[in-house]
Amino acid sequence: MFESPCKSINVLNAWSESQDELRETQPVSPRGTRKRVKAKKKKRKQQQQQNERRSVSAPQLCTDDADKGRTEKKHRPDEPIGRGIFQIGKKSHDVVLTETRVTWTPIQPETPTADRDVKNQEEYVELKDVFAVKVKRRRSAGQQTGGTLLGITLFQCKKKGLKLKEHAIHLNNLSADHCEIWFKSLKEILSGFKNRPKSLKVFVNPISHKKEAYQLYLDEVAPLFKLADIEADVTITKRKGHALSILKDCSLEDYDGVVCVGGDGSVAEVAHGLLLRAQMDAGRDTDSIFTPLQAALPLGIIPAGSTDVVACSVHGIRRAVTATLHIIMGHHQPVDVCSFSSMGRLLRFGFSAMFGFGGRTLALAERHRWMPPSQRREFALIKTLANLKPEDCELSFITSRGAEDQTKCEDGSWQTRQGLYLNISIMAIPCLCSMAPRGLAPTTRLSNGSMALIAVGNTSRSEFIKHLKRYSSTNNQVSSHQNASMCTYVTLDHKTSLKSLGYICSNSQKYIVWVKIIDFSFMPKIIRILSKDHVP
Ligand SMILES: Nc1ncnc2c1ncn2[C@@H]1O[C@H](COP(=O)(O)OP(=O)(O)OP(=O)(O)O)[C@@H](O)[C@H]1O
């Protein structure tokens with residue numbers, strides 16, 4: 001397996017090889033068809049093995065520690081599986097492959113006087129950070145297959161702050177046999193990361209934001225999926241509710257996850273579809289008080305909307321490449337979800353709900369979709385502000401343990417507020433966005449089993465505008481408001497079952513709103529809002 005870097009001049013000439021040219025996943029032998037047939041058979045066998053693996057393992061993206069998802073290791077983590085010489089950059093390197101990493105050290109001529117510190121020059125990449133390995137070839141323009149073999153390339157997922165970036169490590173060697181051995185060994189190790197998806201159902205909303213979601217998918221997402229050998233079954237949604245109707249009926253068995261390319265509306269629809277499907281499959285009666293089940297498949301969110309609060313809250317950043325790499329690497333983040341019911345019937349699952357100003361603004365913006373996104377947001381905001389009116393509400397809730405409780409209530413005891421409110425928000429996630437860098441609900445977390453209830457009391461328009469503006473600052477809106485008596489920020493607990501009962505009066509109709517939080521160890525925050533019309 002030890003190979004000399006004899007043709008390094010040629011390799012250097014090919015150093016400008018672009019990623020697009022690395023199409024082949026199997027090294028093609030110059031010896032022709034017999035070997036190609038063998039390679040095809042081998043590929044089919046690999047495919048079969050993959051399918052077998054998929055049918056026995058739980059189809060989940062999930063793990064934070066990628067090693068947890070590995071198949072049983074054949075070797076000790078530090079035991080060399082392969083060793084060879086590759087050209088990396090401009091130098092020849094001694095490269096060692098173990099179960100967990102690829103390490104390379106520059107080869108230097110022996111000089112008795114030289115003060116070499118080989119350890120210091122050693123570099124490595126952890127295989128848990130590598131998401132693809134490809135055979136690298138030089139091809140002429142327009143050439144689709146074949147080409148001169150140059151070596152193999154590892155694609156690493158690199159973290160920089162909240163960003164995830166793709167980084168290519170080229171290991172150049174012109175020997176087909178040598179590269180094939182390395183390629184096979186690396187492929188085998190990478191396919192051992194069971195929590196990484198192999199097949200995904202993708203929904204793209206073509207009308208999201210500036211109608212660029214599909215182009216974004218083609219430019220930034222699909223090439224990475226292809227690189228990671230992920231099969232994507234793409235549906236471009238044709239209307240509102242299209243993704244939901246597919247999710248209700250389609251077979252999900254062939255997929256390891258569902259991906260949504262769109263904004264918050266699309267994400268909410270797909271999340272609702274997945275959760276509804278889980279209830280339907282388990283025979284839950286959603287028209288009664290039921291114990292919801294977790295979705296069978298994880299949801300990947302590629303931000304392509306105009307605000308993307310769910311994607312920002314989950315990834316901390318609004319970037320399609322980062323979101324795609326999280327999906328490819330099988331990163332998993334549990335996220336709390338609410339369920340909203342009316343008259344005892346499930347309306348939908350969702351991440352947040354707003355009554356009053358917020359609800360009216362969103363509804364107005366939705367009715368003016370023909371306007372460009374920022375204009376319709378501004379228009380809806382200004383128009384709703386101009387007609388600012390309070391809702392007569394009664395809210396009952398129990399504050400969570402450890403929450404900054406202004407009223408010093410006993411744990412588990414009900415508090416009731418009755419009065420005029422300009423806005424009431426219930427948020428299961430922090431709802432981070434560019435307009436609110438700390439989130440619309442800074443006191444809640446993604447999966448802490450509690451939700452934020454933010455009730456803004458009746459006040460003047462100018463005071464309310466000041467409150468809205470404070471969201472854009474990084475100061476803590478909660479603490480700055482604690483003495484203002486305009487807002488009540490309460491984090492609800494999930495420990496006891498029935499949490500909140502309230503009345504919201506709107507347009508002479510009365511709604512009774514129950515907020516119920518059910519404790520699940522696997523999905524800790526499910527809020528149920530039951531509303532009933534015409535309560536006397
Ligand atoms: N082809 C389609 N035509 C019309 N509406 C669609 C179509 N496909 C999906 N929808 C609906 O469009 C709505 C809004 O889309 P989405 O939330 O993705 O975009 P956005 O409003 O620009 O983003 P954000 O919610 O982040 O501001 C969703 O409720 C979705 O159900």
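How many residues lie between strand 6 and strand 7 in the hairpin that they form? There are 2 residues between them, and glycine 161 in the turn has a positive phi of about 65°. Strands here are DSSP runs of E with at least two residues, helices are runs of H or I with at least four, and both are numbered from the N terminus. The model is a predicted one, in which local features need pLDDT of at least 70 and side-chain atom pairs count only at pLDDT 80 or more, while totals for chains, interfaces and linings use all residues. Residues are numbered from 1 along each chain as its sequence is written.

Strand 6 (residues 148–160) and strand 7 (residues 163–172) run antiparallel and are joined by 10 bridges; two strands count as paired if DSSP finds at least two bridges between them. Lysine 159 has leucine 164 in strand 7 as its bridge partner.

The protein as a whole has 13 helices and 21 strands. Its domain assignment, which is automatic or taken from a database, gives domain 1 (8–106 + 121–191), domain 2 (197–333) and domain 3 (334–536). Buried residues make up 38% of the 536 residues, where buried means that 20 or more other C-beta atoms, placed from the backbone, lie within 10 Å of the residue's own. Of the contacts with a separation of 6 or more, 67% are between residues 24 or more positions apart; a contact requires C-beta atoms, placed from the backbone, within 7 Å.

Next comes an open sheet. Its 4 strands are ordered 9-8-10-11 with parallel pairing. Strand 9 (231–236) and strand 11 (299–303) are at the edges with a single partner strand each, so one side of each has no neighbour in the sheet. From one strand to the next the twist averages 20°. Strand 8 (residues 199–204) pairs with strand 10 (residues 257–262) over 5 bridges, and valine 204 stands opposite valine 261 in strand 10.

Two helices lie across strands of this kind. Helix 5 (residues 213–227) lies across strands 8, 9, 10 and 11 and runs at about 140° to strand 10. Helix 9 (residues 320–329) lies across strand 10 and strand 11, at about 165° to strand 11. Axes are lines fitted to C-alpha atoms, for helices over the stretch in contact, and angles run from 0 to 180 degrees between N-to-C directions.

Between domain 2 and domain 3, 22 residues of the former are in contact with 23 residues of the latter. Helix 7 (264–281) and helix 8 (309–315) each supply at least two residues of the domain 2 side.

Helix 7 also gives the most to the shell around the ligand, with 4 residues. Of the 21 residues around the ligand, Gly262, Gly263, Gly265, Ser266 and Gly305 come nearest; a residue belongs here if its C-beta atom, placed from the backbone, lies within 6 Å of the molecule. The shell divides into 3 nonpolar, 12 polar and 6 charged residues. Nonpolar covers Ala, Val, Leu, Ile, Met, Phe, Trp, Tyr, Cys and Pro, charged covers Asp, Glu, Lys and Arg, and the others, Gly among them, are polar.

Aspartate 308 is found in the loop between strand 11 and helix 8. Its phi is near 55°, a positive value in a residue other than glycine. Aspartate 308 is buried, with 26 other C-beta atoms within 10 Å.

Methods
A residue is buried if 20 or more other C-beta atoms lie within 10 Å of its own, exposed if 12 or fewer, and partly exposed in between; C-beta atoms are placed from the backbone.
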